[in-house]
Amino acid sequence: MSSLEPSRRDTRLDPYIDQYADRTGSMTVSAVRALFAVANRPEVVSLAGGMPNIADLPLADLGASFDQLIQTKGVQAMQYGSGQGELFMREKIVEVMAEEAITANPDDVVITCGSQQALDLVTRIFIDPGDVILAEAPSYVGAMGTFNAYQAQIHHVEMDEDGLLPDALRQAVVALRAAGKAVKFLYTIPNFNNPTGITQPLERRREVLAVARELGVLVVEDNPYGLLTIEGEPIDAMRSMDPEVIYLGSFSKTFAPGFRVGWVLAPHAVRERLTIAQEAAVLSPPVFSQFAIANYLDNFDWRGQIATFRSMYQARRDAMLDGLSAHMPTGTTWTSPNGGFFVWVTLPEGLDSQALLPRAVNERVAYVPGTAFYADGFGSRNMRLSYCFPTPERIYEGTRRLGKAIADELEMHATFGLDTGEHRHTDRNLGPAPDVS
Ligand SMILES: Cc1ncc(COP(=O)(O)O)c(C=O)c1O
């Protein structure tokens, strides 16, 4: 028997434990995944997952259109394709990005398997183990999973109700560089940040870009939700103000996630490396999906469909905000997003969202504890609530159940003594300064 073969007498839970690469040490099961098993039970109102609600898509018409696509272009559509992605798809993407004021050349677009793979490719070409990635505090759990997989050091930058703080960005870069760290890029979600729902106004975008430019920090702008602005028009993308910004887009929220089509728009030299990395990863991104999406953009009113999604999500957001106002105990606060999928709740002092979760699930409501969105242990007083998937009635009911769970937890604390939470990182602004070493 070779040493790679697990022995039947090996009593360790994972007999391959000595074989894995070092980088897997930082790969942990995401809190979201671990929750899905419970949250998916029908009696539970899940405010946890971030699944887009695509029931409003014209499925019958799409079916007929895809049927036609296979009959007329099936041989091409089911073949291998270009590592960079098909030119017709990249041209369409340039049209989509124009909605957020971006002017671009299709030659600078690389198609990816969702923007999740865009994150992977960008990290792959820029990060050596120990390099620093700056990210909002808090930030998208899926991005942090990728950054960890490449053994990056994630350093959070404070935000306020208008997003990333330019001064905090400056201080972080200066301190990290003084400590000898290589700051490789800033990862930012300026529209409807996942998890907070916070959006950066135009002026703040300019300020952040000015600091990044002055300090020579590359900016990676992740924008899957921008076109799902509820009131008013989408704010111009950071990439529209600075062609050096690496921009990530996706059809997952504006059309459907199952096609797994996203993209990166990058300066020419970066695009070249991304394409090579993409070829090494998957040879070519899914060709059939690109044909299907281009077909959809050509033959359907995709802008009208986005307007339908916007009002559908508006009804859900309103149900959540109404429900929170009606049911949250005093001392609980939350954000009011103008789009995207998420509301960020701050619990009354002394409560811990992870400790609260079993009680919430017992009340048949689920959420994601805030710590999932920090790389440094903060967020225990926060939770992410998503309003994208359940019906407005269920969302409202979910907030009622959550309100009860929080009130019961508060009562228990009042009876048995309030944990002030001093030993935990409950508020980044009050907690100890994050270690930059
Ligand atoms: C901020 C952010 N970026 C990227 C993604 C990945 O999306 P996809 O790979 O489906 O394009 C998500 C998904 O929820 C997200 O919220």
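Helices (H or I, at least four residues) and strands (E, at least two) are DSSP runs, numbered from the N terminus. The structure described here is a predicted model, in which local features need pLDDT of at least 70 and side-chain atom pairs count only at pLDDT 80 or more, while totals for chains, interfaces and linings use all residues. Residues are numbered from 1 along each chain as its sequence is written. Helix H4, residues 114-126, gives the most to the shell around the ligand, contributing three residues.

**Around the ligand**

- The ligand is surrounded by 14 residues, and the closest are Gly-114, Ser-115, Gln-116, Ser-250 and Ser-252; a residue counts as near a molecule or strand if its C-beta atom, placed from the backbone, lies within 6 Å of it.
- Divided by class, the shell around the ligand has four nonpolar, nine polar and one charged residues, where Ala, Val, Leu, Ile, Met, Phe, Trp, Tyr, Cys and Pro count as nonpolar, Asp, Glu, Lys and Arg as charged, and the others, Gly among them, as polar.

**The sheet of seven strands**

- An open sheet of seven strands has mixed pairing and follows the order E2-E10-E9-E8-E7-E3-E4, with two strands taken to pair if DSSP finds at least two bridges between them.
- Strand E2 (109-112) and strand E4 (153-157) are the edge strands, each of which pairs on one side only, and the twist from one strand to the next averages 20°.
- Within this sheet, strand E8 (residues 218-222) and strand E9 (residues 246-250) pair in the parallel sense over three bridges, and Glu-221 has Tyr-247 in E9 as its bridge partner.
- Helix H3 (residues 87-98) lies across E2, E9 and strand E10 (262-265) and runs at about 105° to E2; axes are lines fitted to C-alpha atoms, for helices over the stretch in contact, and angles run from 0 to 180 degrees between N-to-C directions.
- Helix H8 (residues 268-282) also packs on the sheet, where H8 touches E2, E9 and E10 and its direction makes about 25° with that of E2; two residues are in contact if their C-beta atoms, placed from the backbone, lie within 7 Å.

**The sheet of four strands**

- A sheet of four strands, likewise open, has antiparallel pairing in the order E11-E12-E15-E14.
- Strand E11 (333-334) and strand E14 (368-369) stand at the edges with a single partner strand each, so one side of each is left without a neighbour in the sheet.
- E14 and strand E15 (residues 382-386) run antiparallel and are joined by two bridges, with Val-368 standing opposite Arg-384 in E15.

**Helix pairs**

- The axes of helix H6 (residues 166-178) and helix H7 (residues 202-215) come within 9 Å and cross at roughly 20°.
- H6 and H7 are therefore roughly parallel to each other, given that angles under 35 degrees count as roughly parallel, over 145 as roughly antiparallel, 65 to 115 as roughly perpendicular and the rest as oblique.
- Where these helices meet, Pro-166, Leu-169, Arg-170 and Val-173 belong to H6, and Glu-207, Val-208, Val-211 and Leu-215 to H7; the contact has six nonpolar, no polar and two charged residues.
- The axes of H4 and H8 come within 10 Å and cross at roughly 110°, and H4 and H8 are therefore roughly perpendicular to each other.
- Leu-121, Arg-124 and Ile-125 of H4 make the contact with Arg-273, Leu-274, Ala-277, Gln-278 and Ala-281 of H8, and these residues divide into five nonpolar, one polar and two charged.
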